Amino acid sequence: MSLHALHWGWPVAGGLLIGTAAALYLMVAGRVMGVSGLLASATGLGPGGARAPAALFLLGLLAGTAAALAVVRVPAFAVTSSWPLLVAGGLLVGFGTRLGSGCTSGHGVCGLARLSPRSIAATAVFMATAAVTVFLARHVLGGAA
Amino acid sequence: MSRWIALVCGVLFGAGLVISDMANPARVLAFLDVAGDWDPSLALVMGAALLPSALAYVWRRGRQRPLAAAQFHVPSHRTIDTRLLGGAALFGIGWGLVGLCPGPALAALVTLQWPFLLFAAAMVAGMALHRLLPLRMA
């Protein structure tokens, strides 16, 4: 559990890149950069709309991740959840982001930036239930997640 | 044009997730664990991401259309309903269980490790479930 702390420059630089992606997507394509919505569009599970750009965004996401992993030394991605938790977590994230119309990028990075009341409410709720879930798993039930 | 900007934005986004270590579930859970050995770095990621994003949304106010598309597709409804809050609540529980939200869940696929593949498959299944269920909540 003791992950070494990052120098503050890394999260700030990474955040600026994420925010720049959101800014460019709005300025050039005129759309909200929300990953759950883009994934739904790319897989045909969304309300329709632009499938090709969504698929290209996801392709770019994989390429950018792979390229950065080849250049920057970061801690190995560590997931310690058991398979039932992975399945339950994935189902909840997929279902919840569709029902709630967005995730950390769409509501968080884009919605908060434009002061959308819906996104502010959604972000407060998912941050709160995530923190409560981690609290219960780690400090009440003891290390289940 | 908007196709290629999508590709470019995806690359920037993926690189940002890696550099900030937000693609790492262990880092995310350390951030969400406010009662434990709290790691504040994801608050920096969010704060830094909001800066260019907010500037772009301010820029948009004076414009009729984006640089390379016919119109903006930005939601304008403001009603906070039970679907929004219920969906956000469920999403947060899933995020807290594993430490993956959609962006990092897809980024982590490049590791080709089975836990990430399983999570992403379940996530798409959850989206399909939502598509199939004709939910009509208030």
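**Two chains, helix by helix**

Trainee: Why is the crossing of helix 6 of chain A and helix 4 of chain B called right-handed?

Mentor: The crossing is right-handed because the near helix is turned clockwise from the far one by less than a right angle, whereas an anticlockwise turn would make it left-handed. Helices here are DSSP runs of H or I with at least four residues, strands are E runs of at least two, and both are numbered from the N terminus. This is a predicted model, in which local features need pLDDT of at least 70 and side-chain atom pairs count only at pLDDT 80 or more, while totals for chains, interfaces and linings use all residues. Residues are numbered from 1 along each chain as its sequence is written, and chains are lettered from A and ligands numbered from 1 in the order in which they are written.

Trainee: At what angle do the two helices pack, and how far apart are their axes?

Mentor: Helix 6 of chain A (residues 117–140) and helix 4 of chain B (residues 82–98) pack at about 35°, with axes 7 Å apart; the axes are lines fitted to C-alpha atoms over the stretch in contact, and angles run from 0 to 180 degrees between N-to-C directions. Among the residues that make this contact are A:A121, A:V125 and A:F126 from helix 6 of chain A, and B:L85, B:F91 and B:W95 from helix 4 of chain B. Contact is counted where C-beta atoms, placed from the backbone, lie within 7 Å. The residues of this contact divide into 17 nonpolar, 4 polar and 1 charged, where Ala, Val, Leu, Ile, Met, Phe, Trp, Tyr, Cys and Pro are nonpolar, Asp, Glu, Lys and Arg charged, and the others, Gly among them, polar.

Trainee: Why is helix 5 of chain A said to be largely enclosed by the rest of the structure?

Mentor: Because 8 of the 8 residues of helix 5 of chain A (residues 104–111) are buried, meaning that 20 or more other C-beta atoms lie within 10 Å of each one's own, against 12 or fewer for exposed and partly exposed in between. These buried residues include A:T104, A:H107 and A:C110, and they pack against helix 1, helix 2 and helix 6 of chain A, together with helix 3 and helix 5 of chain B.

Trainee: How many residues does each chain give to the contact, and which helix of chain B gives the most?

Mentor: The contact takes 107 residues from chain B and 103 residues from chain A, and helix 3 of chain B gives the most to its side, with 18 residues. That side of chain B divides into 74 nonpolar, 22 polar and 11 charged residues.

Trainee: What pLDDT does chain B average, and what are the ipTM and pTM of the complex?

Mentor: Chain B averages 93, with 96% of the residues at 70 or above, on a scale of the predictor's confidence in each residue from 0 to 100. The predictor gives the complex an ipTM of 0.95 and a pTM of 0.94.

Trainee: How is chain B divided into domains?

Mentor: Chain B, with 6 helices and 0 strands, is divided into domain 1 (1–74) and domain 2 (79–138), bounds that come from an automatic or database domain assignment. The centres of these domains, taken over C-alpha atoms, are separated by 18 Å, and their contact takes 11 residues from domain 1 and 8 residues from domain 2. Helix 2 of chain B supplies the largest share of the domain 1 side, 5 residues, and that side has 10 nonpolar, 1 polar and no charged residues.

Methods
Contact = placed C-beta atoms within 7 Å.
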